[in-house]
Amino acid sequence: MISSDSSEGRRNDALADRSGFDEGFLGPVVPLPVLALPGVETVVLPYTHFSVVLRPDRRLAAATAVCVDGEQLVEDVPRDDDWRYDPRVSEDWQAGPEIYKNNSLDRGHLVRRLDPVWGAVAMAVRADADTFHYTNAAPQADVFNQGKQVWQGLENHLLDHAALFDRRLVVLTGPVLHDSDPPYRGIQVPMRFWKVAGFVHEGGLAATAYVLDQSPDLSRDADRALAGAVPGAPPPLGAFRTYQVPVADVVELTGLDLGPLPDADVMPAARAPEARWRRLASPDETVMDI
């Protein structure tokens, strides 16, 4: 799987000291997500302040987990922007640059670039660079619309709150990997993404969950859907829609074991099924008492 070539060995050594996600970071233990799908293998890749649970059969992460220390965040770290393969695993296990070449797909960070950038300056710079591995990316539509603004605003809200109140957070993120995801250039493009934030509130563990949906709305996007049927074109992707959802629904969607987080959900249980997912028009609408 990993070459024995000496130059390759030196590249591998560059990541050898990464300790990854700290399950005891909050005090209450939040385990790294485990994929509970029979017969599906995963590989855990530690980086600086975060870990990726890679699913080689899909060439994408099943989950990522990052520790955010609001008291030690470092501002103005130069953006690395040098996307690269992780040399610890085969390039065939990673959705590399060929997925994003000459099309409308963006490399969407799973662990957001700013979240692990804390601690000593050298460590913060290293964390920034670590987020630019293809193991931490998944294809997303390049359109910037209101729904995407809500999703990014939500990420900013989490980070800003941690910084303002010197709070610690753990943020778990990943694509929803379904068998029905459309194929493209050797991968299947996920239609949804999920995010779960864990934090301590009033002495106990609390959590909140979100889903970003980029599946096409065929009633509105019929022309784009037809265009996507052109051989070689990426699948048609719709406008982003952001929802707050029960943590338990993320477990059901993904097949991931999220440990104690479903029981720590701060979102009140909806009485009617149609009210379980709350579409958000702005980050201020989220139920998040942190």
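Two strands count as paired if DSSP finds at least two bridges between them. The exercises below apply this to a predicted model.

**Exercise 1.** Determine how many bridges join strand β7 to strand β10, and in which direction the two strands run.

*Solution.* Begin with the residue ranges, which are 168-176 for β7 and 192-201 for β10. Between these two strands there are 7 bridges, and the strands run antiparallel. Since pairing asks for at least two bridges, the 7 bridges found here satisfy the criterion. As a single position to inspect, take T173, which stands opposite K195 in β10.

**Exercise 2.** Work out which strands stand at the edges of the open sheet of 8 strands, and why one side of each is left without a neighbour.

*Solution.* First write down the order of the open sheet, β2-β3-β4-β7-β10-β11-β12-β14, in which the pairing is antiparallel. The edges are then β2 (43-46) and β14 (278-279), and because each has a single partner strand, one side of each has no neighbour in the sheet.

**Exercise 3.** Locate S215 and describe which residues it touches.

*Solution.* S215 lies in the loop that follows β11 (204-213) and leads to α4 (222-227). Its side chain makes a polar contact with the side chain of D213, at 2.5 Å. When residues up to four places away in sequence are set aside, S215 touches M191, G238 and R241.

**Exercise 4.** State how many helices and strands the protein has, and what percentage of its residues count as buried.

*Solution.* The protein has 5 helices and 14 strands. Of its 290 residues, 53% count as buried.

Methods: Residues are numbered from 1 along each chain as its sequence is written. This is a predicted model: local features need pLDDT of at least 70, side-chain atom pairs count only at pLDDT 80 or more; totals for chains, interfaces and linings use all residues. Side-chain values use heavy atoms; hydrogens and water are left out. Helices (H or I, at least four residues) and strands (E, at least two) are DSSP runs, numbered from the N terminus. Buried means under 20% relative accessible area, exposed over 50%, partly exposed in between (1.4 Å probe, protein chains only). A polar contact is a pair of N or O atoms within 3.5 Å; within protein, one must be able to donate a hydrogen and the other to accept it, and residues adjacent in sequence count only if both atoms are side-chain atoms. Contact means heavy atoms within 4.5 Å.
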